[in-house]
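Please work through the exercises below with the sequence and the model open side by side. Try each task before reading the solution that follows it.

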Amino acid sequence: MPRTTPLADIRNIGIIAHVDAGKTTTTERILYYTGRKHTIIDIHDTKDLKTSTTTDYLEQEQKRGITIQSAAVSAFWRDKKINLIDTPGHVDFTIEVNRSLRVLDGAVVVFDGVAGVEPQSETNWRLADNYGVPRICYVNKMDRSGANFVRCVDMIRKRLGARPLPVQLPIGSEDNFKGMIDLVEMKALVWDSDDKDAQWRTLEVTPDLADQLHITMPEDRKLLAKADQYRTELVDTCLEQDDEAMEAYLTHGTVPSAELLRKALRKGTLTSAFTPVLCGSSYKNKGVQQVLDAVVDYLPAPTDVASIKTVDADGEPIGERKTSDDEPFSALAFKVINDAYGALTFIRVYSGVLTKGASVMNSTRGKREKIGRMVEMFAKEANPVEEARAGDIIALVSLADTETGDTLCDAANPVVLERMRFPDPVISVSVKAKVKAEQEKFGSALGKMVRADPSLHLETDRETGQTILRGMGELHLEVTLDRMRTEFGVEGIMGEPQVAYRETFTKKLTEQYIHKKQTGGSGQFAEVWIVFEPLERSAGFEFVDETVGGSVPREFVPSVEKGLKIQKEDGVLAHYPTVDFRATLIDGSFHDVDSNALTFEIAAKACFREGIRKAGPILLEPVMKVETVTPGDYLGDVIGDINRRRGSILDQLERGTNIAVVANVPLSEMFGYIGQLRGMTSGRASYTMEFSHYEPVPRNVADEVIAEVAKAKAAALA
Ligand SMILES: Nc1nc2c(ncn2[C@@H]2O[C@H](COP(=O)(O)OP(=O)(O)OP(=O)(O)O)[C@@H](O)[C@H]2O)c(=O)[nH]1
Ligand SMILES: [Mg+2]
């Protein structure tokens, strides 16, 4: 089957933003205006579960009015195929943005025109930077009271360190938001109604435009009066991208045509030289078609992203694979979900063609995978396809061994594509089935949830045998259990959320340990000398072998490393994992008969326990970056409360008519914050937080934590 849509006519894009900026609302309009659906559902109409938007179809999404998992849809606009992923804005589900950006070529970053750049706009912007994803900005909610386009553009410049380039200017704002000036065509687009089917009128940009359209707010009029200035900035910036046009302009004064400007805008966007900024109100149905135009005009096709990096076994870059149907097949699995169709593995094809029935290689795991059913997903609906080509995003049904982040490829031409990095979960809860008889079913469902979400971790407490689920936040864990109820029909209960503490130590020391046992016949013997030294935060764990002359036989060195790796997970203070240190094996001895892998493993474990106890062990706690947005009246109370929570204030920012207080606060002090905050501010303040870093716990607090852990273990064992 030949290719139906030329590669250059595909746009794989994501919609990313802070929570509530209007991503799903915009997606819903995109599907309507492209003719993919004939109705528009609004987020606030879904709470009774009778209806849902196309992309927020999970019960948990409908009820809470937020997006939890990213959903893929596709539509055609001006003969281009747009594959679009609507992502969540809530920080607990940041994994969904992470993995979407990994496989997408471009992104639309949505901003709330009142709030401007918010914490998750910033986090997601940085993620897009990391993955080198070109983007356009869309200042949404221009109809809301307090909306301010200029302030938002300014925040994009200052807080994101980007170079925003307005390609539109809003005409009016709040109740009087009428449309926008298209600075490329230098025309005014004006809507006379909020109706979804209302067409815009195209007007000339004349000096009396504001009067003509009854724009009365001084700020709005001031902006319209500056249209020429903005147009000049746009033209000048575009000329930087096109030497020929620049020369024509300088020698003959030729102003580039709209077509030429669009070409230059595309070029600059693709290299992230600047980021075009548009505006609108998705809810009031203004500006969405223009966003679609910008997606087609400015965001990359798979062919613009010339190649994908390939890596060796250690993840080091070794080469590239060209985006083309003619190259051998390669694809990245970026998401695994369980639904009515079974396990679905989402892949992005980077090169070659994949056909049904093919046998491919999972080069990450060195395993074969047989390709059965292939489907193109439209939110929750699966449409069978016979093949997938470079640039496509599809899902494979019931793969055996493929996990998120794995590469699938042509076995004759194996490559491994760059992997994804996932955030570390900082909150944990103990979980179990509500009904004891369902424990097995619960365990299997939980296993599936964890498989689908790499930001969830599952472990068993070595002493108490409890199942511990770690995740990104309370909401993440709650939603996970709730989804097990709706998707697998099994109810669970969870304990109080716990902070994922860690341990480390402060002194460098050398520790010797001799493991020796003489019981009846053959004995056990191993001696190790290990230097333990603390490393900087986030350095992880390093093992170095510096033994000489076979003092520890080479075949037993890995056993020493293994012993340390196991034992470090069970810290000496309160059983938390020990992090950020190096262990160097410098010497040891062995016995011809009594030494073996196990004796060296045992010796290493004991050496760690004995050594770290003397090395000044300390407890580390996750510290969150918290942003509390409050009306000015409550500022003093909010700051006082943060101080009481051992927080340190980093910054105070203007956020529309409110003030955003940015602070670092230990996670352990943040439980119950929302209730306190609401009470203190009559429900008028809100907050978001995300993990920042680990920091030593003050001595007195650490003593309490250690005592509590000991008590909890004793209780669980009793
Ligand atoms: N006034 C106004 N409200 C809007 C606009 N766009 C979206 N909203 C409202 O903002 C709320 C959040 O919209 P969503 O589309 O769910 O936002 P989101 O970015 O998808 O949110 P998450 O997926 O949870 O991060 C809803 O109540 C929308 O009706 C807009 O242009 N104007
Ligand atoms: Mg959403």
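The exercises that follow concern a predicted model, and each solution goes step by step.

**Exercise 1. The shell around ligand 1**

Task: Describe the surroundings of ligand 1, starting with the residues that form the shell, then the polar atoms that face the ligand, and finally the area that the protein covers.

Solution. Step 1: Begin with the count, which is 20 residues around ligand 1, the closest being K23, T24, T25, T67 and D143.

Step 2: Sort this shell by residue class, which gives six nonpolar, nine polar and five charged residues.

Step 3: Ask which element gives the most to the shell; the element is helix α1, residues 23–33, with three residues.

Step 4: Look for polar atoms that face oxygen atoms of the ligand. A polar side-chain atom of K23 is placed 2.7 Å from a ligand oxygen, while a polar backbone atom of A21 is 3.2 Å from an oxygen of ligand 1, and a backbone N or O atom of Y283 is likewise 3.2 Å from a ligand oxygen. The protein covers 91% of the 650 Å² of accessible area that ligand 1 has on its own.

**Exercise 2. Cysteines and disulfides**

Task: Determine how many disulfides the structure holds, and explain why C279 does not form a bond with the closest cysteine.

Solution. Step 1: Recall that a disulfide is a covalent bond between the sulfur atoms of two cysteines.

Step 2: Find the cysteine sulfur that is closest to the sulfur of C279; it belongs to C152 and lies 10 Å away.

Step 3: Compare this with the cut-off for a disulfide, which is a pair of cysteine sulfur atoms within 2.5 Å. Because the separation is 10 Å, the sulfur atoms of C279 and C152 are too far apart for a bond. The structure as a whole holds zero disulfides.

Step 4: Add the burial of the side chains to the picture. C279 has a relative accessibility of 0% and so counts as buried, and C607, at 0% relative accessibility, counts as buried as well.

**Exercise 3. Positive phi angles**

Task: For H214 and S538, state what is notable about phi, and decide whether each residue is buried or exposed.

Solution. Step 1: Read the backbone angle of H214, where phi is near 60 degrees, a positive value in a residue other than glycine. Place H214 in the loop between α6 (209–212) and α7 (218–225). With a relative accessible area of 57%, H214 is exposed, because exposed means over 50%.

Step 2: Repeat this for S538, where phi is near 70 degrees, again a positive value in a residue other than glycine. S538 sits in the loop between β31 (524–534) and β32 (541–545), and its relative accessible area of 70% makes S538 exposed.

**Exercise 4. Two buried helix residues in contact**

Task: Locate S121 and L160, and list what each touches beyond four places in sequence.

Solution. Step 1: Assign the elements: S121 belongs to helix α4, residues 119–130, and L160 to helix α5, residues 149–160.

Step 2: Judge the burial. S121 counts as buried at 1% relative accessibility, and L160 counts as buried at 4%, because buried means under 20%.

Step 3: Leaving out residues up to four places away in sequence, S121 touches H18, F111, G116 and L160. On the same basis, the residues that L160 touches include F111, V117, S121 and W125.

**Exercise 5. A buried threonine in a loop**

Task: Explain why T402 counts as buried, and find the polar contacts that its side chain makes.

Solution. Step 1: Place T402 in the loop between β22 (393–397) and β23 (407–409). The relative accessible area of T402 is 0%, so T402 is buried.

Step 2: Follow the side chain of T402, which makes a polar contact of 2.8 Å with the side chain of E369 and a polar contact of 3.2 Å with the side chain of N362.

Step 3: Complete the list of neighbors; beyond four places in sequence, T402 touches A333, V336, T345, N362, E369, L408 and R451.

Note on methods
Residues numbered from 1 in each chain as written. Chains lettered and ligands numbered in written order. Predicted model: local features only at pLDDT ≥ 70, side-chain atom pairs only at ≥ 80, totals over all residues. Heavy atoms only, no water. Near = heavy atom within 4 Å. Polar contact = N/O pair within 3.5 Å; in protein donor to acceptor, adjacent residues only side chain to side chain. Areas by Shrake-Rupley, 256 points an atom, 1.4 Å probe, with all protein chains shown as cover. Helix = DSSP H or I, 4+ residues; strand = E, 2+ residues; numbered from the N terminus. Nonpolar A, V, L, I, M, F, W, Y, C, P; charged D, E, K, R; others polar. Buried < 20%, exposed > 50% of the residue type's maximum accessible area, 1.4 Å probe, protein only. Contact = heavy atoms within 4.5 Å.
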